[in-house]
Number of protein chains: 2
Amino acid sequence: MEKIPILRMGRFLLVTIQVDLYDRLAENLESDLVHMVRKTGARGVLIDISAVSIIDSFMGRILGNIAMMTKVLDAETVVVGMQPAVAITLIELGLPLKGVHSALNVERGMELLRSKIALQDGESQDDDIYHSIE
Amino acid sequence: MEKIPILRMGRFLLVTIQVDLYDRLAENLESDLVHMVRKTGARGVLIDISAVSIIDSFMGRILGNIAMMTKVLDAETVVVGMQPAVAITLIELGLPLKGVHSALNVERGMELLRSKIALQDGESQDDDIYHSIE
């Protein structure tokens, strides 16, 4: 199968990675995700990697790319379900997954995204209040 | 990878099928799902098959099995994201996916599950009202 399905859940998109990402699959995923964020106006992307037992620098870069691409479209990316061994490997390899947030599972990832969105929206609301007080 | 990840989303469990199901993988999925339903007390299971382009009698039976197994644990199963070609094949092969509900996408699947749960809970509430009037 050449595509990884992207599921829409309200304001968020959910992707579960179950197969090893090779070049073309990763490119398709990046492209599909960016198009979906634009099409749906999603505010967050959740990437579940609970089935991933080995992470390498290629996959680390793909996750970082996705986070940066979605960020410029105003959507945060959260990686969820990382196995302990993967976390150890990431740090030992010196791959800190720049710009990628992480959470223990999908539910906590959604909470994190909700709080980030509330914060962003809250900030703009605060600005409004500030202006109205003036 | 020998396991398909099962994601918990509130009262529901979500599974996306991205790889061809062979015997052992299917058995693991059935077993994992039943254990997860019991452990989490989930009321519904969503199985996304949007990445599945070919469905055969084996996979049809697996989906039917999962629906029956979860049903006895008081959880409904909804298959979501079926491709049009798969729907055609299912009917032409005479595989009606007995006991399996279906919905266009995850969001509609969740709505369907919510309405089913509300109906079930509503029925028991009605009973309570009936008794209290008595």
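Biologist: At roughly what angle do the axes of helix 1 and helix 2 of chain A cross?

Modeller: In this predicted model, helix 1 of chain A spans residues 23–40 and helix 2 of chain A spans residues 57–72. Their axes come within 10 Å of each other and cross at roughly 15°.

Biologist: Are helix 1 and helix 2 of chain A roughly parallel or roughly antiparallel?

Modeller: Angles under 35 degrees count as roughly parallel, and the two axes cross at roughly 15°. Helix 1 of chain A is therefore, with respect to helix 2 of chain A, roughly parallel.

Biologist: How do the residues of the contact of helix 1 with helix 2 of chain A divide into nonpolar, polar and charged?

Modeller: Helix 1 of chain A passes helix 2 of chain A in a right-handed crossing. From helix 1 of chain A, A:Asp23, A:Ala26, A:Leu29, A:Glu30, A:Leu33, A:Val34 and A:Val37 take part, meeting A:Phe58, A:Ile62, A:Asn65, A:Ile66, A:Met69 and A:Thr70 of helix 2 of chain A. The residues of this contact divide into 9 nonpolar, 2 polar and 2 charged.

Biologist: Is the crossing of helix 1 and helix 2 of chain B left-handed or right-handed?

Modeller: In chain B, the axes of helix 1 (residues 23–40) and helix 2 (residues 57–72) cross at roughly 15°. Helix 1 of chain B passes helix 2 of chain B in a crossing that is right-handed.

Biologist: As by what kind of axis are the two copies related?

Modeller: A turn of 180° with a shift of 0.0 Å along the axis lays chain B on chain A, with an RMSD of 0.0 Å. The copies are thus related as by a two-fold rotation axis.

Definitions and conventions:
Residues numbered from 1 in each chain as written. Chains lettered and ligands numbered in written order. Predicted model: local features only at pLDDT ≥ 70, side-chain atom pairs only at ≥ 80, totals over all residues. Heavy atoms only, no water. Axes fitted to C-alpha atoms, helices over the stretch in contact; angles between N-to-C directions. Helix = DSSP H or I, 4+ residues; strand = E, 2+ residues; numbered from the N terminus. Left-handed = near helix turned anticlockwise from the far one by under 90°. Least-squares fit on C-alpha atoms with pLDDT ≥ 70 in both. Parallel < 35°, antiparallel > 145°, perpendicular 65-115°, else oblique. Contact = heavy atoms within 4.5 Å. Nonpolar A, V, L, I, M, F, W, Y, C, P; charged D, E, K, R; others polar.
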